[in-house]
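User: Hi! I'd like some help reading a protein model. Could we go through it together?
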Amino acid sequence: MKLFIDTANLEAIKRVADLGLLDGVTTNPTLVSREKMPADKLYDEIAKVCSGPVNVEAVNQDADGIVKEARDFHKRAPNFVTKVPCFEEGLKAVRRLADEGITTNMTLVFSPAQAILVAKAGAGYCSPFIGRLDDISHTGMDLIEDIVTIYENYDYDAEVVVASVRHPLHVVEAARIGADVVTVPPAVIDKLVKHPLTDVGMKKFLDDYAKIPKG
Ligand code: G3P
């Protein structure tokens, strides 16, 4: 399973890149709005740190506009992947971009029905938002299970990106189900690393090492 970081914060991206664990980055306009930097400048900085897919969201509302935005991103850096919301104009744009060989990530996916259309449109990635489903008392992970099964049934090419991740168990469940990618906010990455028994064990080993007579 590939690990993407779900943030537009450069320091957080660099930290995971330094760990050697960064397969890609996902951003969205909300995340970018927190960074107080022009979006294009920020995207270029992120692309310098991450050689994997850097997902940047299209904001046009019609297929022509989305196609133009995605072409522009693609020209600026080959690893930019344009995120396109799952609606009619978005589906049209994704089909046209796929025919041109430009990879897209369809986002704001909340149902297996949408995910089928995403794959048939030729998107490279499909991003179901599981945390937002959990928030309204639907089990987000059931959606991942459905989409993974459907994509396997038909050998669809789109990779399933588990998005809107809220806690470490989302990551573990995504891996158990066999999702292709999980995109994780920095705070959850910290929680993945830490375990209290690791901290206790390390302290004990260091304390005991200090007791060993020095030769
Ligand atoms: O990758 C999508 C993600 O950024 C949405 O997360 O926490 O706003 O539901 P959230």
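User: How much space lies in the largest pocket?
Analyst: About 270 Å³. This is a predicted model, where local features need pLDDT of at least 70, side-chain atom pairs count only at pLDDT 80 or more, and totals for chains, interfaces and linings use all residues. Residues are numbered from 1 along each chain as its sequence is written, and side-chain values use heavy atoms, leaving out hydrogens and water.

User: Which residues are closest to the centre of that pocket?
Analyst: D6, N28, L31, R132 and S164, out of 20 that line the largest pocket. Lining residues have an atom within 4 Å of a pocket point; a pocket is an open set of points on a 1 Å grid over the protein atoms alone where a 1.4 Å probe fits, with protein on both sides within 12 Å along at least five of seven lines. The volume is the space filled by probe spheres set on the points, which are joined across faces, edges and corners.

User: New topic: why is strand β5 largely enclosed?
Analyst: Strand β5 (residues 104-109) is largely enclosed by the rest of the structure because five of its six residues are buried, meaning under 20% relative accessible area with a 1.4 Å probe, protein chains only. Strands here are DSSP runs of E, at least two residues, and helices are runs of H or I, at least four, numbered from the N terminus.

User: And how many bridges join β4 to β5?
Analyst: Four, and the two strands run parallel. Strands pair if DSSP finds at least two bridges between them. P85 stands opposite T107 in β5.

Conventions: Buried means under 20% relative accessible area, exposed over 50%, partly exposed in between (1.4 Å probe, protein chains only).
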